[in-house]
Amino acid sequence: MRLALIGAGRIGKVHAATIAGHPDITLAGVSDFHLPSAQALAELHGSKALSAESIFDDDSIDAILIASSTPTHADYLERAARAGKAVLCEKPIALDLPRTREALTVLASHPVVCALGFNRRHDPQFAALKQGIVDGRIGQLETLAITSRDPSPPPAEYVAASGGLFRDMTIHDFDMARWLLDEPIHFVHAEGSCLVDPAIGEAGDIDTAVITLTTASGRLCQITNSRRAVYGYDQRIEAFGSLGMLQAQNETDTRVRFTGEAGQVEEKPQLFFLERYARAYQHELDNFYTSWRDGTAPMAGADDGLQALRLAEAAERSLREGRRISMSDID
Ligand SMILES: NC(=O)c1ccc[n+]([C@@H]2O[C@H](COP(=O)([O-])OP(=O)(O)OC[C@H]3O[C@@H](n4cnc5c(N)ncnc54)[C@H](O)[C@@H]3O)[C@@H](O)[C@H]2O)c1
């Protein structure tokens, strides 16, 4: 696969390194609005900087990875589909449902392999938890608890353009909930506060949230979010069922534990997503590659992006209106 990367920022750098490390993928070029960033990243991996136009026009390029800023995703996704190129697009497709649906309509009329960057599905811990549920190890799944806390809050200017906590951060947890519950979610009830950084409140957002999801059969899922955890990136999931419980814990750099007179100390969780999900990004890319090679559906696709965004919309409405929202009221 000859794969071009659009976006040479934080996550673009991770993807470039992952592409460079994949035995069957060549980094065909890097494009970024900010040319020096594209040049530096391309050079680092023995590739070249390209304009977005030349990527879409180049028949030798099979696929595109979109890792540029969020407002660019829907346009690039549509252009990739029209050019007949497979596409791995970072989440979200867009921050609103109408624009997301438009992109899905273009994909429907120009079918290409389209994977969405819900990287947590590819995390070995969460994948093993999912397999445990599928294998029936905990019998009937009854409740799911998803804990997702960032180590520290982003700058207020990031918050202002992010679409809000539910669309920016909880979107990953909504996708995990959908994937693990594996049945339609009927109700969403969200509570949220600004407890971490007043600047986030001034930007019109929240930094702390608890969201309850209820499925068609009455299964319950609780998502807990915070923009700050002093001990690192807190990413845990607990699935409880009729025959037991599965827990996916945080990852640490090493498993070394210190024991002394005062007690025992283990390492803190890994710092943030770049560390915690390094393997997930590799598996995500490989899943995209095999989908393209074999014509199979990727683990997460454009419709998963739409459905997670619908849950984010419901959560926002729930918070605003102070009541639980039926998903049948979200278009
Ligand atoms: N799945 C994940 O774990 C994950 C993690 C971080 C970010 N993301 C997503 O990835 C995207 C990028 O996030 P980031 O943190 O890397 O942001 P960033 O600001 O570090 O990088 C974005 C890059 O896009 C470039 N850019 C802006 N407009 C462009 C355009 N029109 N054409 C080409 N390049 C353009 C910018 O110059 C910048 O280099 C966001 O949509 C974000 O939601 C996903």
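A residue is called buried when its relative accessible area is under 20%, exposed when that area is over 50%, and partly exposed in between, with a 1.4 Å probe applied to protein chains only. The legends describe a predicted model, in which local features need pLDDT of at least 70 and side-chain atom pairs count only at pLDDT 80 or more, while totals for chains, interfaces and linings use all residues. Residues are numbered from 1 along each chain as its sequence is written, and side-chain values use heavy atoms, with hydrogens and water left out.

**View 1. D182 is an exposed residue in a loop.** With a relative accessible area of 60%, D182 counts as exposed. D182 belongs to the loop that runs between α9 (170–181) and β7 (185–193), where helices (H or I, at least four residues) and strands (E, at least two) are DSSP runs numbered from the N terminus. The phi angle of D182 is near 55°, which is a positive value in a residue other than glycine.

**View 2. The peptide bond from K91 to P92 is cis.** Omega for this bond is near -15°. P92 is placed in the loop between β4 (86–89) and α5 (97–109).

**View 3. The largest nonpolar core lies between two domains.** Such a core is a set of buried Ala, Val, Leu, Ile, Met, Phe, Trp, Tyr and Cys residues joined through side-chain atoms within 4.5 Å. This one has 97 residues, and the members that touch the most others are F166 and F174. Helix α13 (residues 302–321) gives the most to the core, with eight residues. Because domain 1 (2–112) and domain 2 (120–276 + 301–329) both give residues to the core, it lies between them; bounds of this kind come from an automatic or database domain assignment. In soluble globular proteins, nonpolar side chains tend to be buried together. Leaving aside neighbours within four places in sequence, F166 is in contact (heavy atoms within 4.5 Å) with ten residues' worth of surroundings that include I171, F174, A190, I206 and A312.

**View 4. Domain 1 and domain 2 are in contact.** On the domain 1 side 13 residues take part, and they are in contact with 16 residues of domain 2. The centres of domain 1 and domain 2, taken over C-alpha atoms, are separated by 27 Å.

**View 5. F56 and Y76 form a stacked aromatic pair.** A search of the whole structure finds six aromatic pairs, where rings of Phe, Tyr and Trp (its six-membered ring) pair if their centres lie within 6.5 Å, and where planes under 30 degrees apart count as stacked, over 60 as edge-to-face and the rest as tilted. In the pair of F56 and Y76, the centres are 6.0 Å apart and the planes make an angle of 25°. F56 lies in helix α3 (residues 52–57) and Y76 in helix α4 (residues 73–82), so the pair ties together parts that are 20 residues apart in sequence. F56 and Y76 are both buried.

**View 6. F126 and Y277 form a tilted aromatic pair.** Here the distance is 6.4 Å centre to centre, with 55° between the planes. The pair links distant parts of the chain, 151 residues apart, with F126 in helix α6 (residues 124–134) and Y277 in the loop between α11 (273–276) and α12 (278–294). Both residues of this pair, F126 and Y277, are buried. Ring pairs also join F126, Y233, F272, F273 and Y277 into a cluster.

**View 7. Arginine charges sit over the rings of F126 and F187.** A charge is counted as sitting over a ring if NZ of Lys or CZ of Arg is within 6 Å of the ring centre and within 35 degrees of the ring normal. The charged end of R276 is 5.0 Å from the centre of the F126 ring, while R324 lies over the face of F187 at 3.5 Å from the ring centre.

**View 8. The side chains of H22 and D286 are joined by a polar contact.** The distance in this contact is 2.7 Å; a polar contact is a pair of N or O atoms within 3.5 Å, of which, within protein, one must be able to donate a hydrogen and the other to accept it, and residues adjacent in sequence count only if both atoms are side-chain atoms. H22 lies in the loop between α1 (10–20) and β2 (26–31), and H22 is buried, with a relative accessible area of 10%. Not counting residues up to four places away in sequence, H22 touches L285, D286 and Y289.
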